[in-house]
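Here are a few short exercises to work through with the model open. Try each one yourself before you read the solution.

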Amino acid sequence: MSLNWEKLISQGRAKAPNVPWTDEEHQAILALMNERGLHRMSAANFVLNGVVTLEAYDKAKEAEFKPKSLKEVTDEAVAAVKDNGATFGATKTGKSKKKI
Amino acid sequence: MAYTSTDFSTLTGKLNEAFNEAASVSMAEWIGKQVFDVIDTDWQVYNFLHVNGAGGGFSRLAEGQQLPVVSSQEGDSANWTQKRYGSRVAITKDLRLFERYDVMESLVRDEVDYAFNRIDQTMADILLNGFSGTSYTDIFGDAQANTSVDGVVLFSASHTYNGTASTYRNLIRNAATTANPALDRDPIVQARTDAMLYKDASGINRPINLDNLIVGATNADLAQRLVYSSGVANTPNVDINPLKAAVTKITIWPRLDLRGDGTDTKAYWFMADSKHVKKSLKAPFAQKPMMHSSKEVDDTLDWMYPVDAYYTLGIGWAAYIRGSTGVN
């Protein structure tokens with residue numbers, strides 16, 4: 001079964017491709033929405049960054065913590081890999097040599 | 001007189017007849033078919049799209065006014081890929097030489113029964129695994145998702161909609177709002193109330209009528225007493241039992257008593273809207289179990305009759321099926 005992960009992630013309704021929220025994470029998102037008035041996407045970003053309780057959220061706000069989105073985290077990870085000289089997601093060009 | 005290669009087509013015809021008879025019996029006893037949408041499809045990848053319901057449209061019109069166009073709200077979608085399952089029935093040389101047609105027929109009938117048994121268990125397991133996690137290993141060893149199209153586990157207190165912050169529940173609770181209550185009159189009434197107050201993505205009330213109580217063999221007697229008794233238990237005789245008219249069907253599904261992985265699930269129970277539950281539970285078949293004619297004689301001189309099927313299971317819009325583990 002393959003869901004429309006792209007849409008679900010863009011709406012904060014899934015954690016990552018093929019990764020739904022756990023029940024605890026899902027409840028945390030709903031609590032942040034209902035108790036702190038956050039938009040679902042914003043609540044999802046906090047939970048993605050490990051903020052899964054209202055107390056943790058309040059402390060994070062006090063500390064002016066800005067949660068990163070899945071895209072930002074992914075982009076940073078790709079950049080870090082590239083900085084280390086590795087290629088990520090690159091496709092090979094040229095003719096392939098047949099092995100006999 | 002022994003069955004020889006010249007009898008091949010005659011024997012195949014007779015075994016096919018036995019297969020078809022057994023299949024028709026198994027189809028009639030196939031309980032999962034009553035709650036799942038068992039459809040024939042020629043799509044290798046079955047596309048499911050939920051429509052949240054028409055938003056606007058039907059309006060008061062002034063004289064001569066143009067009729068407004070209905071705008072349906074697109075819901076969530078999913079793809080389910082067909083998988084192949086099968087086995088072979090071996091008609092050995094011994095069986096043919098000694099004309100053990102009774103055994104041959106029995107082998108075919110048992111295989112058909114077993115195939116439908118396995119399919120039915122995979123359907124029951126979708127419900128029985130629908131309370132936690134995001135996937136499980138099915139009886140065939142494959143990973144099976146147990147999330148609905150909204151990415152939330154099948155039975156949840158907070159299913160989500162596409163494009164709105166609202167949620168809905170299909171996890172059964174009792175009047176004291178405790179989730180997963182044991183089968184009793186109070187949670188049945190509460191589940192029916194919750195379902196009747198269901199609102200779609202636009203916030204419009206779309207009552208769901210939970211008229212089908214689904215239980216395993218162990219809970220069957222209790223279910224029947226709760227629903228079919230003319231009076232309510234532990235009340236004066238004048239108190240009627242409204243569930244008798246409201247719950248019009250009790251589905252007793254023995255495979256609900258034990259999950260495919262051996263977990264005791266006899267306390268689990270479910271309720272469904274019999275008119276719409278097939279929007280929630282999907283079982284597209286590219287091919288129902290079918291026996292093929294054996295064309296090759298094996299090295300062992302066995303005649304092999306392959307039996308195979310193609311199907312997949314998926315969870316659509318989960319609002320029309322409700323569940324409880326019965327632990328509370």
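**Exercise 1.** Find the residue that stands opposite W269(B), then place the pair in its sheet.

*Solution.* Keep in mind that this is a predicted model.
- Step 1: look across from W269(B) and you hit S324(B), which sits in β15(B).
- Step 2: now zoom out to the strands. β11 of chain B covers residues 269-272, and its pairing with β15(B) is antiparallel, with 4 bridges.
- Step 3: add the neighbours. The open sheet in chain B has 4 strands, ordered β10-β9-β11-β15, and its pairing is mixed.
- Step 4: pick out the edges. β10 (249-252) and β15 (321-324) of chain B each pair on one side only, which makes them the edge strands.
- Step 5: check the twist. On average, neighbouring strands here are turned by 20° against each other, direction ignored.

**Exercise 2.** Work out which strand supplies the largest share of the side of chain B that touches chain A.

*Solution.*
- Step 1: count both sides. Chain B puts 19 residues into the contact, and chain A puts in 13.
- Step 2: list the strands. Both β3 (71-81) and β8 (164-168) of chain B give at least two residues to the side touching chain A.
- Step 3: name the winner. That's β3(B), with 5 residues.
- Step 4: sort chain B's side by character: 7 nonpolar, 10 polar and 2 charged residues.

**Exercise 3.** Show how β3(B) pairs with a strand of chain A.

*Solution.*
- Step 1: take β1 of chain A, residues 2-3; it runs antiparallel to β3(B), and 2 bridges join them.
- Step 2: find a facing pair. S2(A) stands opposite N79(B) of β3(B).

How values were computed:
Residues are numbered from 1 along each chain as its sequence is written. Chains are lettered from A and ligands numbered from 1 in the order in which they are written. This is a predicted model: local features need pLDDT of at least 70, side-chain atom pairs count only at pLDDT 80 or more; totals for chains, interfaces and linings use all residues. Two strands pair if DSSP finds at least two bridges between them. Axes are lines fitted to C-alpha atoms, for helices over the stretch in contact, and angles run from 0 to 180 degrees between N-to-C directions. Two residues are in contact if their C-beta atoms, placed from the backbone, lie within 7 Å. Ala, Val, Leu, Ile, Met, Phe, Trp, Tyr, Cys and Pro count as nonpolar, Asp, Glu, Lys and Arg as charged, and the others, Gly among them, as polar.
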